[in-house]
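Let's take a walk through this protein together, one part at a time. Keep the 3D view open so that you can follow along.

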Amino acid sequence: MASADTTVSGKFCEGFAWGVATSAYQIEGKWDADGKGKSIWDDFTHTPNHVEDSSNGDVACDSYSKVEEDVKMLKELKVSHYRFSLSWPRIMPTGKADNINKAGVDYYNRLIDALLKNGIQPMVTLYHWDLPSAIEESGGWLSEEIPELFADYADYCFGEFGDRVKLWITINEPQIVAYLGYCVGLHAPGTQDPLTKPYLVSRHLILSHAKSYRVYDSKYRAAQKGKVSLSINSDWAHPAGDGKDPKDAHAAELYMQFTNGWFSDPIFLSGDYPPLMKEAIAKKSKELGSETSRLPVFSEEEKKMIKGSYDFYGLNYYTTRLICDPASNEKATRMHPDLDAGSATDPTWERAGSPWLYIVPWGLRRLLKYVSDRYGKPTIMITENGCSTKHPVGAKEEETLQIEDAQRQNYVKSHIQEVLKAYRDDKVDVQGYFLWSLMDNFEWSAGYTERFGLYHVDFQTGTRTPRKSAECYREIVQKNGF
Ligand code: NOJ
């Protein structure tokens with residue numbers, strides 16, 4: 001069995017999906033062109049003090065006007081797949097299916113056709129955080145009506161694009177939507193209400209996903225023969241001291257259930273939230289004087305709809321945390337008042353350009369094994385994994401062009417090495433890997449100060465330049481491994 005520091009050679013399965021990923025708000029620009037409706041990210045970034053460099057996605061990489069350029073870069077990388085997202089308000093300016101913006105639909109049709117013409121398979125995300133503002137006005141993710149509206153939107157997209165799109169992601173990183181959007185308020189809509197709203201939002205996210213999956217099942221699957229899932233973000237929660245103290249091991253498992261399991265258990269396991277999470281929230285609710293838990297319950301009918309609503313497991317991995325019993329380390333960060341686990345990092349871990357990103361390749365292998373074991377050995381597609389470099393506020397583009405991006409090259413190689421070990425030695429059924437990201441883009445509340453691209457983007461001139469990591473990734477893709 002290969003350890004974390006051994007380099008292995010070997011190939012992935014035949015037909016392994018090699019891709020890169022992006023999302024609409026982060027690359028498209030043209031935020032109000034051709035009949036597009038506004039999204040919560042347009043509103044959020046147009047309000048002062050939400051983004052580190054006061055920037056926004058108004059122009060971004062201008063991908064809305066650059067279909068050929070985007071496809072040319074994908075061809076250069078020799079990837080077999082491209083994961084991108086549809087902007088819901090570009091297709092439905094009011095968020096509702098009775099009002100379709102043809103120009104928006106045309107753009108996605110042109111992109112999909114150009115990809116296929118060049119032998120690249122699209123993987124399409126329906127929701128990568130840019131909720132139509134019109135839907136937000138009537139409650140957004142807090143409203144009971146959203147699962148129905150989301151399923152209508154999904155229905156339209158399956159019908160319009162599904163003759164050519166065979167891989168669908170309904171929702172990207174639902175835990176981030178609930179946590180950063182409604183607990184800490186770092187993401188749109190910027191709400192800070194840790195004890196209740198994230199749980200209500202998560203209920204509606206899960207129901208929206210499941211309902212859309214069932215729409216695909218009943219109306220499209222037979223003819224289109226595609227696959228539908230969602231992208232679950234997950235750190236690997238490694239027990240401090242390798243779990244020698246059972247309290248740390250317990251805290252790490254609790255952390256996994258609270259973050260990864262929050263969305264994975266209902267969909268991939270039981271139709272319901274993870275047991276440790278349910279227990280913890282009920283207990284804390286009681287301590288605060290409430291006999292009922294703040295975590296809403298699913299009805300039996302809802303559970304049936306949710307359980308098994310997947311065709312593969314979509315996983316986004318970036319980093320690892322050391323998790324301990326909170327009483328044992330006062331310095332460890334508490335992520336949420338309901339979660340009795342402390343989170344820390346190892347000072348020897350290398351850091352990337354985002355403050356939260358510690359480079360821990362072996363964490364990916366552990367996480368793959370954990371997901372595979374807990375969820376009954378599903379086919380896993382890694383729908384994101386990537387490394388950032390810092391672009392300080394006010395720096396000139398040429399100062400951080402960093403064509404020689406040694407750290408990103410190492411990140412890419414070492415993480416794919418660990419995926420190979422998981423596949424070959426641990427028998428995890430991994431069938432795809434999508435690198436984040438094709439090119440530098442708008443990194444949410446960090447604006448353009450963190451760059452994840454295989455291609456550098458000069459946001460003054462719009463020029464795209466391949467970094468060395470693009471070549472390094474292409475080599476791995478062409479060899480289908482090492
Ligand atoms: C995950 C998100 O899906 C993506 O939008 C973001 O840019 C990357 N992580 C990097 O933070």
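A salt bridge here means a side-chain nitrogen of Lys or Arg within 4 Å of a carboxyl oxygen of Asp or Glu. With that in hand, find R374 and D265: they form a salt bridge, and their closest N and O atoms are 2.8 Å apart. R374 sits in helix α13 (residues 361-374) while D265 belongs to helix α10 (residues 246-270), so this pair ties together parts that are 109 residues apart in sequence. The two partners can also be described by their accessibility. R374 is partly exposed, with a relative accessible area of 22%, whereas D265 is buried, at 1%. Please keep in mind that you are looking at a predicted model.

Now let's turn to the strands. Which strands close into the barrel, and in what order? There are 8 of them, arranged as β1-β2-β3-β4-β5-β7-β13-β15, and their pairing is parallel. In general, strands of a sheet pair through backbone hydrogen bonds, either parallel or antiparallel. From one strand of this barrel to the next, the twist averages 25°. For one pairing in detail, look at strand β5 (residues 227-233) and strand β7 (residues 313-316): they run parallel and are joined by 3 bridges. Within this pair, S231 of β5 stands opposite G314 in β7.

Helices pack against these strands. Helix α9 (residues 197-224) packs on the sheet and touches β4 (167-172) and β5, and its direction makes about 160° with that of β4. Helix α5 (residues 102-117) lies across β2 and β3 (121-127), running at about 170° to β2.

Strand β2 also brings us back to salt bridges. The structure holds 35 of them, and one is formed by the side chains of R83 and E384, with 3.0 Å from N to O. R83 lies in strand β2 (residues 81-85) and E384 in strand β13 (residues 380-384), so the pair ties together parts that are 301 residues apart in sequence. Are these two residues buried or exposed? R83 counts as buried, because its relative accessibility is 0%, and E384 is buried too, with a relative accessible area of 4%.

Loops take part as well. R294 forms a salt bridge with D338, the closest N and O atoms being 2.8 Å apart. R294 is in the loop between α11 (275-287) and α12 (300-306), and D338 is in the loop between β9 (333-334) and β10 (342-344), so here the parts tied together are 44 residues apart in sequence. R294 counts as buried at 16% relative accessibility, and D338 is buried at 1%. Elsewhere, salt bridges that share partners join R214, D217, R221 and D311 into one network.

Finally, let's visit the ligand. Which residues are around the ligand? They are Q26, H128, W129, N172, E173, Y318, W356, E384, W436, E443, W444 and F452. You have already met E384 as the salt-bridge partner of R83. Several of these residues place polar side-chain atoms by ligand oxygens. In the side chain of H128, an N or O atom is 2.8 Å from an oxygen atom of the ligand. For W444, the corresponding distance from a side-chain N or O atom to a ligand oxygen is 2.9 Å. A polar side-chain atom of W436 lies 3.2 Å from an oxygen atom of the ligand.

Key. Residues numbered from 1 in each chain as written. Predicted model: local features only at pLDDT ≥ 70, side-chain atom pairs only at ≥ 80, totals over all residues. Heavy atoms only, no water. Helix = DSSP H or I, 4+ residues; strand = E, 2+ residues; numbered from the N terminus. Buried < 20%, exposed > 50% of the residue type's maximum accessible area, 1.4 Å probe, protein only. Pairing = 2+ DSSP bridges. Axes fitted to C-alpha atoms, helices over the stretch in contact; angles between N-to-C directions. Contact = heavy atoms within 4.5 Å. Near = heavy atom within 4 Å. Polar contact = N/O pair within 3.5 Å; in protein donor to acceptor, adjacent residues only side chain to side chain.
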